Amino acid sequence: MTDDQKRPEYDFDFHGDALDTIFDDYKAMREQCPVSWSERYGGFWSITGYDDIHAAEGDSDTYSVAPSMILPSFGTDRPLIPLDIDPPELTAYRQILLPFFTPQKMDALEHRTRTIARELLDDVDGQDVFDASVFSRMLPTMVFSEYAGFPVADAAQFDEWVDKIVFARTDEEAVARQAASDVYAYFTDLIAARRRTPGSDVISGLLAADMHGRRLDDDELLDVCYLLFVAGLETTAGTIRASLWYLAQHPHDLATLAADATKIPRATEEFLRALSPVQAMARTLRRDTVVGGVEMCAGQRVALVFGAANRDPRHFADPDEIRIDRAENPHTAFGIGAHRCLGSNLARREVNFGLEEFLRRFPRFELAAPAPWHGIGPLLLRPFTAASDQRSVRPPHL
Ligand code: HEM
């Protein structure tokens with residue numbers, strides 16, 4: 001870029017409270033500067049167009065995932081495997097991980113997922129108001145922990161670590177770093193225990209996995225476990241919570257899904273498109289490049305803003321409207337390139353079965369207090385019961 005060219009800038013952020021108004025940011029960025037620079041987190045470019053993001057995802061010669069896709073980091077300078085590994089090394093790691101996440105393997109978790117969901121709903125049944133974020137968090141935490149071999153008894157500790165690593169990291173880096181170091185220590189012990197006494201879980205499977213004639217070493221195992229831990233729990237929790245948040249405010253859509261559970265999978269895709277828990281992932285430029293007429297330099301960080309791509313009007317009609325029956329929905333919530341989410345089969349089932357069980361138990365509910373659409377914080381819901389219907393038809397002065 002020459003000195004007299006002005007760098008397009010937008011004070012963009014995709015974490016914390018900035019998510020309250022992020023969909024307005026996307027509109028403004030699309031109109032003013034689809035590729036723009038933000039000074040936050042050491043400085044990064046944002047690419048917001050659907051086609052530009054597709055092109056970047058397919059160009060690992062220009063866009064590297066090293067040192068990390070996560071901006072700012074999840075409290076560690078170690079690579080998250082396979083997220084922070086570029087092709088061709090990426091392929092071998094994905095090959096050993098994919099068998100643990102096949103549709104068939106995930107189908108086998110249906111019964112357990114529904115049972116856990118029902119038990120969690122039993123805990124709140126009969127309450128006038130309850131915090132649905134507990135359900136949203138505990139369901140994926142318990143289902144995946146059981147499957148992966150993370151001791152479910154430590155679930156409350158997992159949630160505390162995830163809060164610090166995923167959510168506190170933007171303001172309190174030291175807190176995230178301490179939590180990350182605690183998680184590495186925890187998994188070091190857990191991997192050693194599984195090495196001594198293997199089970200039928202993912203950790204034991206990874207210990208035995210053949211990676212082109214060798215086993216994963218302890219560091220690699222640790223870096224895979226850390227990624228599965230941070231990627232597998234909070235993202236799905238956020239999706240279930242955001243779906244309930246939306247349905248609590250759209251009684252017609254709620255009634256539609258409660259009356260016909262076969263419509264839930266399509267609605268889930270729409271919630272993933274419009275309210276994705278992962279709004280952006282970062283890359284680092286290996287070489288200078290130009291996108292949308294904007295020159296970017298080797299070494300600079302770039303956010304691929306999936307959340308903006310998912311609302312690109314050139315690809316989605318009325319993108320800011322949530323249509324639970326949207327038929328064509330090629331969203332980018334799970335990424336689209338070589339690093340496409342390995343957990344999407346699991347995440348989709350957890351959300352679908354979770355919503356189905358929730359709506360069967362509570363076919364009508366509303367927000368009992370305002371709450372942001374994003375994150376995994378409290379979501380107070382008030383279910384309607386026959387008794388509350390009686391109350392609601394009573395004239396207000398009685
Ligand atoms: C709704 C829930 C989820 C969302 C929205 C989500 C989203 C994503 C995204 C955007 C990426 C990066 C794609 C890219 O940059 O191209 C990713 C990667 C990944 N996700 Fe998920 N994810 C979810 C759930 C899960 C679950 C439940 C697991 C595992 C238990 C998981 C495991 C992974 C792994 C291992 C990767 C790295 C893949 C690679 O680098 O090759 N995710 N996910």
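**Strand pairs, a metal donor and unusual backbone angles**

Colleague: How many bridges join strand E9 (residues 365-367) to E10?

Modeller: This is a predicted model, in which local features need pLDDT of at least 70 and side-chain atom pairs count only at pLDDT 80 or more, while totals for chains, interfaces and linings use all residues. Residues are numbered from 1 along each chain as its sequence is written, and side-chain values use heavy atoms, with hydrogens and water left out. Helices (H or I, at least four residues) and strands (E, at least two) are DSSP runs numbered from the N terminus, and two strands pair if DSSP finds at least two bridges between them. E9 and E10 run antiparallel, and the number of bridges joining them is three.

Colleague: Which residue in E10 is the bridge partner of Glu 366, and which stands opposite Phe 130?

Modeller: Glu 366 has Arg 382 as its bridge partner in E10. Strand E4 (residues 130-131) also pairs with E10, in the antiparallel sense, over two bridges. There, Phe 130 stands opposite Leu 381.

Colleague: Which side chains of E10 are buried?

Modeller: In a regular strand the side chains alternate between the two faces of the sheet. Buried means under 20% relative accessible area, exposed over 50%, and partly exposed in between (1.4 Å probe, protein chains only). Along E10 (residues 380-383), Leu 380 and Arg 382 point to one face and are not buried, whereas pointing to the other and buried are Leu 381 and Pro 383.

Colleague: What is the single protein donor to the iron atom of the ligand?

Modeller: Donors are N, O and S atoms within 2.8 Å of the metal (3.2 Å for Na, K and Ca), and sites may look incomplete because water is not among the atoms. The donor residue lies in the loop between helix H14 (306-309) and helix H15 (344-361). Its SG atom is 2.3 Å from the iron, and the residue is Cys 341.

Colleague: Where is the cis peptide bond with omega of about 0°?

Modeller: Most residues other than glycine have a negative phi, and most peptide bonds are trans. The loop between strand E3 (63-64) and helix H3 (89-97) holds Pro 67. The cis bond joins Ala 66 and Pro 67.

Colleague: Is Asp 318 buried, partly exposed or exposed?

Modeller: Asp 318 is found in the loop between H14 and H15, and has a positive phi of about 40° although it is not a glycine. Its relative accessibility is 41%, so Asp 318 counts as partly exposed.
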